[in-house]
Amino acid sequence: MCGIVGVAATAPVNQLIYDSLLLLQHRGQDAAGISTSHDQFFSMYKAHGLVRDVFRTRNMRSLPGNSGLGQVRYPTAGSSDSVDEAQPFYVNAPFGIMFVHNGNLTNWRELREELFSIDRRHINTNSDSEVLLNVFAHELQKAADGRSLDDEAVYKAVSAVHARCRGAYAVIAQIANFGMVAFRDPYGIRPLCIGTNETDQGTEWMIASESVALTGCGFSRLRDVEPGEAIIVDLDRNMRSRQCAQNAIFTPCVFEYVYFARPDSFMDGVSVYNARLQMGEYLGNNVARSLRLGEIDVVMPIPDSARPAAMQLASKLDLSYREGFIKNRYVGRTFIMPGQAVRKKSVRQKLSAIDMEFRGKNVLLVDDSIVRGTTSREIVEMARSAGANKVFFASAAPAVRFPNVYGIDMPTQSEMIAYVRDNDEAA
């Protein structure tokens, strides 16, 4: 799970991409990178860290050009230690391609073997994104067949990628002397949307993981990239598209709505904020059936993503709503931190309890989800230490019992507190 953006504009895009990555920082905090295209050359800079720490003035000045790509990384496949696995990735044949990817391939190891033994392409990292880039590059070379590159060859290559690759992928690529290409897997697991900005010099285009990157940079949200669809924005900033997958079926990752996405984003026509309100409505019905409401003095959210669900639950059940935890905004999101030990340590650094809101009260805590249970256990202990008389804990999302292999760092079922346990046992 990462954040990606591509821009084709009428003026230099380095600052615009930087600004859009700041708006997507919640999607990845391990590394950041920007590439730009200028006079048939690509420029690139990427490093570990947050966007604000990675790019200095000298780095921004080294990124000229009116079109480019950017990515913020959350490591799943590969290593979080190697800057070589930060994106964008580049391959020089055919044509020269810059590439950013959000998602996770489930058959990347088999593809890696095929690329070496059959396609004669060497992969230099353990990143599934580099594998996907080389599959696309190989299929583009086959489709072009010695001719100059045209739209038909690109669409044919994307169709071949759909046939070979399994898993989740939202991709934006920049091809030298051709333009920008974006495509989404046939199930639309990871989000991708398109926006425009009308200027005196013509239409500018932005393609990004979330609509908040578009609107926050002054672009108007046009639409989402459809599952299996390929988008082309040529050097003259003309946009064309085609469905490149047979039997595309929209089955998005629900965790985008539960946790990952910003609440002010729209994804596939759905307001993330409204989706979380609806989760609170549904959770309120469950709470009313499961608990005696007279025992609950106050409802409190675990900030920030659970706040809409907690507000809606409290409103529906006519319960008092209070903010009992204060979030340290300078600590990263614990779920997307690499390593269980790091996540556990960061919970108390991230949240602090306001004792007066807990003392002597029966508190219903609402979180967006419970996956490993690490955060939940620590938070319950914090509430008790702050003086809560009784603590109830509710999840806006259903029990997570199986891994998400499409770009979330949940590699084994044994990590999940609800695996082989019912709700009472998990509690």
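## Rings, strands and helices: practice problems

Y74, F255, Y259 and F260 form one aromatic cluster. Rings of Phe, Tyr and Trp (its six-membered ring) pair if their centres lie within 6.5 Å; planes under 30 degrees apart count as stacked, over 60 as edge-to-face and the rest as tilted.

Before you start: this is a predicted model, where local features need pLDDT of at least 70 and side-chain atom pairs count only at pLDDT 80 or more, while totals for chains, interfaces and linings use all residues. Residues are numbered from 1 along each chain as its sequence is written, and side-chain values use heavy atoms, with hydrogens and water left out.

**Exercise 1.** How many aromatic pairs does the structure hold, and which parts does the pair Y18 and F55 tie together?

*Solution.*
- Start with the count: there are 9 aromatic pairs.
- Now pick one. Y18 and F55 sit 6.1 Å apart, centre to centre, with 80° between their planes, which makes the pair edge-to-face.
- Place both rings. Y18 belongs to helix 1 (residues 14-23) and F55 to the loop between helix 2 (51-54) and helix 3 (57-61), so the pair links parts 37 residues apart in sequence. Helices (H or I, at least four residues) and strands (E, at least two) are DSSP runs, numbered from the N terminus.
- Check burial. Y18 has 14% relative accessibility, so it counts as buried, and F55 is buried too, at 5%. (Buried means under 20% relative accessible area, exposed over 50%, partly exposed in between, with a 1.4 Å probe and protein chains only.)
- Go back to the cluster for a second pair: F255 and F260 are tilted, at 5.9 Å centre to centre and 55° between the planes. Both F255 and F260 are buried.

**Exercise 2.** What lies over the face of F89?

*Solution.*
- Look for a charge. It sits over a ring if NZ of Lys or CZ of Arg is within 6 Å of the ring centre and within 35 degrees of the ring normal.
- K46 fits the bill, at 5.0 Å from the ring centre of F89.

**Exercise 3.** In what order do the 7 strands of the antiparallel open sheet come, and which strands stand at the edges?

*Solution.*
- Walk across the sheet: the order is 3-2-4-1-10-9-11. Two strands pair if DSSP finds at least two bridges between them.
- Find the ends. Strand 3 (41-48) and strand 11 (220-224) each have a single partner strand, so one side of each has no neighbour in the sheet.
- From one strand to the next, the twist averages 15°. (Axes are lines fitted to C-alpha atoms, for helices over the stretch in contact, and angles run from 0 to 180 degrees between N-to-C directions.)
- Zoom in on one pairing: strand 1 (residues 3-8) and strand 4 (residues 67-73) run antiparallel over 6 bridges, and I4 has Q71 as its bridge partner in strand 4.
- Finish with S35 in strand 2 (residues 31-38). S35 has a relative accessible area of 0%, so it is buried. Leaving out residues up to four places away in sequence, S35 touches I17, S43, M44, S67, G68, L69, P88 and M98. Contact means heavy atoms within 4.5 Å.

**Exercise 4.** How many of the residues of strand 8 (residues 179-184) are buried, and which strand forms a hairpin with strand 8?

*Solution.*
- Burial: 6 of the 6 residues are buried, so strand 8 is largely enclosed by the rest of the structure.
- Hairpin: strand 7 takes that role, with 3 residues between the two strands, and N177 in the turn has a positive phi of about 60°. Strand 7 (residues 167-175) pairs with strand 8 in the antiparallel sense over 6 bridges; for example, A173 is matched with V181.
- Another partner: strand 12 (residues 229-234) runs antiparallel to strand 8, joined by 5 bridges. Here A182 has I231 as its bridge partner.

**Exercise 5.** In what order do the 3 strands of the parallel open sheet come, and which helix lies across strand 19 and strand 20?

*Solution.*
- The order is 16-19-20.
- Strand 16 (298-301) and strand 20 (390-395) are the edges, each with a single partner strand, so one side of each lacks a neighbour in the sheet.
- Neighbouring strands are turned by 25° against each other on average, direction ignored.
- Strand 19 (residues 362-367) and strand 20 share 6 bridges, and V366 is partnered by A394.
- The helix is helix 13 (residues 374-385), running at about 150° to strand 20.
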